[in-house]
Amino acid sequence: SKFVYFFGKDVTDGKASMRDLLGGKGAGLAEMANLGIPVPPGFTITTEVCVLYLEGKKYSEEVLKQVEEAIDKLETLNNKKLGDPEDPLLVSVRSGARVSMPGMMDTVLNLGLTDKSVLGLANKVNDERFAYDCYRRFISMFGDVVLGIDFEKFESLIEDKKKELKVESDTDLDAKALKDLAERFKGVIKLEKGFEFPQDPKVQLQMAIDAVFDSWNNPRAITYRKLNEIDDSWGTAVNVQTMVYGNRGNTSGTGVAFTRNPSTGERKFFGEYLINAQGEDVVAGIRTPDFIDTLGNKIPEAYNQLVDICKKLEAHFKDMQDIEFTIQEGKLYMLQTRTGKRTAAAAVKLATDMVAEGLIDKETAVTRVKAEHIDLLLHPRIDPNAKLEVVAKGLPASPGAAVGKVVFTAEAAEEMAEKGEKTILVRTETSPEDIGGMAAAQGVITVRGGMTSHAAVVGRGMGKPCVVGCGDISIDTKSGLFMVNGHTVKEHDYVTIDGSTGSVIIGKVELIDAEINEDLKKILQWADEIRTLGVRTNADNPADAGLARELGAEGIGLCRTEHMFFGEERIPAVREMIMAEDEKSRRKALKKLLPMQKEDFLGIFRSMEGLPVTIRLLDPPLHEFLPDKEELDAKLRELEASGDSSGKINEVKKVIQRVVSLKEINPMLGHRGCRLGITYPEIYDMQVRAIMEAACELTNEGMKITPEIMIPLVGLVKELAITREEVCKMAEKVMAEKGVKIDYKVGTMIELPRAAIVADQIAQEADFFSFGTNDLTQTTFGFSRDDVSKFVPIYQKAGIIEHDPFAVLDQEGVGEIMKIGISKGRSVKPDLKMGICGEHGGEPRSIHFAYDIGLNYVSCSPYRVPIARLVAAQSTI
Ligand code: PEP
Ligand code: MG
């Protein structure tokens with residue numbers, strides 16, 4: 001089989017599609033050669049050889065033979081020989097994996113120089129200084145990247161030399177000095193490695209090739225692969241290429257460029273170059289490079305050719321390219337072309353421009369924009385030029401950046417907001433009572449909690465930047481400060497958070513605003529044309545619903561009604577309902593809640609008119625609506641101390657009793673969901689009445705309203721059967737009262753493993769399914785969703801799990817259970833509508849999965865809606 005691929009004028013074996021085998025660089029060079037673009041000839045040793053070499057640390061006869069043949073060919077083509085004392089062939093050796101990968105060995109230049117051949121080079125170019133400059137660079141690069149000697153060891157000798165000769169810059173060193181340095185560098189190698197710097201170019205080449213392959217397993221490369229989910233088994237290719245020189249005077253130079261602006265996407269050639277310089281000088285920042293536009297004035301012919309080549313490359317690859325070039329004495333050579341990395345803004349502009357130019361179609365444009373790009377574009381972000389002092393990292397629970405003064409209570413956040421002050425709310429964890437404060441703050445930090453903790457869910461729902469589970473923070477409320485990794489941050493000190501990375505930063509960082517511009521709108525429109533997966537939103541108030549609709553939501557997939565119970569004017573009625581000793585007094589309290597609930601539904605139905613609205617009946621355990629036991633105890637002590645005689649003491653005692661009686665060891669597995677509805681049917685009665693009255697009234701106004709009433713936490717078919725009957729009875733009753741017929745549905749959440757497993761039974765009683773993957777993950781893993789930050793990061797570090805399963809759906813466990821639910825459900829009702837409304841509904845990998853397993857829609861928080869639209873389209877392409 002073929003292990004070595006040649007490239008060059010007239011003789012090129014590879015092509016762009018062989019990227020897996022030739023690596024990105026090798027495939028790009030081959031393709032350019034095929035296009036007739038000037039590329040210095042060379043050859044690529046395949047990734048396959050790397051994999052074999054790394055297994056056994058040796059090469060087969062066949063590989064060695066093919067490399068030998070390629071060298072011969074290269075020598076013939078250049079009419080020069082490696083190591084020739086008269087006129088040596090010099091080559092560069094560079095790595096090139098499938099995807100560009102920092103951390104691996106990068107480049108060795110000028111390989112082939114020896115004590116003898118350096119004389120030939122000097123003679124040939126009639127420039128002794130140039131020849132020895134190349135030689136000393138080569139020896140130090142070889143020592144550094146091939147032999148692993150600290151570069152500092154060479155660098156310090158250069159410094160010594162400059163001091164000795166009393167000169168400032170490397171360029172002031174003459175031929176004699178450079179020759180002397182080359183000698184000393186060889187001495188360093190002898191000293192460090194115990195052997196002489198190799199004087200046989202073929203040995204040099206073999207050592208360099210081995211080093212490239214070995215560098216695949218550098219710790220840095222391994223870490224990079226882990227972080228970027230790159231397969232360890234791919235290996236890297238090696239490119240051996242004829243040297244060309246940008247440091248041969250004023251008609252020579254070297255540069256890097258992008259065919260368009262990678263930061264804005266603007267259709268304008270963008271890059272930098274240096275006259276009379278070698279490749280690494282541009283990157284190393286020794287001299288400040290010039291803007292590419294001015295190259296036209298200096299070497300016009302080469303510049304014009306470069307511009308033409310860029311056009312050709314774009315037309316061919318149909319994407320923005322990132323290129324490297326060298327001009328040697330007026331002649332242009334291309335050294336690399338690859339797809340250019342881009343910012344979020346540029347990705348969107350490039351994609352829409354290229355459709356307008358006829359370069360790509362809409363499907364391709366939609367795949368060119370990534371979910372992360374939209375995420376970044378929709379939230380204010382930290383100015384990339386800002387200086388940051390990151391003092392802690394938590395979980396990136398809700399993206400975007402926020403700046404404000406530290407406050408420790410929801411009330412403080414609200415008070416400050418009234419004064420027009422921006423705050424960051426810092427809490428151990430948040431509870432529903434903090435919602436007002438969260439809304440008033442710019443952003444939220446919690447010490448405890450995971451990706452689906454209260455703060456995270458609410459934060460994402462509000463589009464509020466949020467860092468949760470930041471365990472390094474310890475709050476000292478008494479002194480009004482928090483400590484974090486040796487820093488003390490006082491109340492009202494400024495902090496900045498980045499909810500996209502989980503960073504907490506001390507001080508006030510400049511932010512850049514978000515916007516959905518025309519280009520992004522276009523991309524999303526195309527996504528809508530392409531996708532078949534529906535996108536709904538999780539929203540529980542008219543403002544969020546309206547916002548989500550503007551962002552493209554096609555209905556509500558989850559309205560959590562408990563959030564409606566927390567309004568300031570409602571809490572008393574809610575508490576009265578909970579404190580009620582019998583059904584009658586409970587009904588009385590519920591009656592007070594009815595008009596308020598109805599008002600909520602009127603608002604939500606109006607903003608979603610014409611679209612389905614899934615409303616989930618009350619789910620959380622009742623104790624969540626009562627104050628904390630400690631808080632109550634403190635109040636009681638206070639009242640007793642003040643000798644209160646107004647009867648308040650008894651009242652508080654009663655509440656304490658109720659709190660104690662409602663206390664559960666495992667509330668998330670306790671008296672919640674449909675269990676509440678079955679034990680206190682009057683609560684669901686009130687909610688259904690509110691829903692149906694609102695729906696009837698708006699229908700009478702001529703609106704089209706489609707309520708979908710959803711029962712939470714069903715595990716047994718009878719739970720659903722009983723609740724459904726009760727719901728339908730009330731719905732029919734209200735419709736009869738109002739004289740209106742409404743097309744309503746009653747369905748259930750599938751959020752317990754048992755529900756999925758008996759989904760054929762459950763489907764008999766359900767008009768739709770909605771997978772609640774938060775609870776389904778919690779109950780499948782047995783991981784408490786509110787406590788995962790204690791161990792999930794440790795599990796990830798230890799490689800026990802890859803992702804937080806509350807952030808990225810666990811396809812092999814939870815996903816498998818979902819598949820059972822889907823197939824069993826559809827075995828009874830083939831057209832049963834199914835969606836997902838857990839937090840995974842807005843996470844790209846999970847959205848792909850939702851499409852693959854045949855769900856009809858995903859539902860996510862409003863700000864994730866555009867992302868879901870995009871990813872839903874990408875899943876079908
Ligand atoms: C779920 O469990 O996935 C769900 C959407 O409901 P909640 O997060 O309100 O428990
Ligand atoms: Mg749930």
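User: Before we look at two packed helices in this predicted model, what makes a crossing left-handed or right-handed?

Analyst: A crossing is left-handed if the near helix is turned anticlockwise from the far one by less than a right angle, and right-handed if the turn is clockwise. In this structure, which is a predicted model, the crossing of α22 and α26 is right-handed.

User: At what angle do α22 and α26 pack, and how far apart are their axes?

Analyst: Helix α22, covering residues 583-607, packs against helix α26, covering residues 681-700, at an angle of about 35 degrees, and their axes are 8 Å apart.

User: Which residues meet in this contact, and how do they divide by class?

Analyst: From α22 the contributors include L590, L593, L594, F601, L602 and F605, together with charged ends such as E583 and R606, while α26 brings, among them, I683, M686, A690, I691, A694 and L698. Taken by class, the residues of the contact of α22 with α26 divide into 13 nonpolar, 2 polar and 9 charged.

User: Turning to the ligand, which residues surround ligand 1, and which elements supply at least two residues of its shell?

Analyst: Ligand 1 is surrounded by L558, R560, D619, E751, G772, T773, N774, D775, C837 and G838. Two elements, β27 (556-560) and α30 (773-781), each supply at least two residues of that shell, and α30 gives the most, with 3 residues. By class, the shell has 2 nonpolar, 4 polar and 4 charged residues.

User: Which residues does UniProt list for "binding site", and where is E751 found?

Analyst: The UniProt entry, which is unreviewed, lists E751 and D775 under "binding site". Although these positions are spread over 25 residues of sequence, they cluster in space, with a largest C-alpha distance of 5.3 Å. Both names also appear in the shell around ligand 1, and E751 is found in the loop between β30 (745-750) and α28 (753-757).

User: How should I read the sheet that contains β20, and in what order do its strands lie?

Analyst: A sheet is read by following which strand pairs with which, and here 3 strands form an open sheet in the order β20-β21-β22, with antiparallel pairing. The edge strands are β20 (473-476) and β22 (487-490), each of which pairs on one side only. Neighbouring strands of this sheet are turned by 20 degrees against each other on average, direction ignored.

User: How many bridges join β20 to β21, and which residue stands opposite D476?

Analyst: The antiparallel strands β20 and β21 (residues 481-484) are joined by 4 bridges, and D476 stands opposite L481 in β21.

Note on methods: Residues numbered from 1 in each chain as written. Chains lettered and ligands numbered in written order. Predicted model: local features only at pLDDT ≥ 70, side-chain atom pairs only at ≥ 80, totals over all residues. Pairing = 2+ DSSP bridges. Axes fitted to C-alpha atoms, helices over the stretch in contact; angles between N-to-C directions. Near = placed C-beta within 6 Å. Nonpolar A, V, L, I, M, F, W, Y, C, P; charged D, E, K, R; others polar. Contact = placed C-beta atoms within 7 Å. UniProt positions renumbered as here; feature names shortened; annotations may be inferred.
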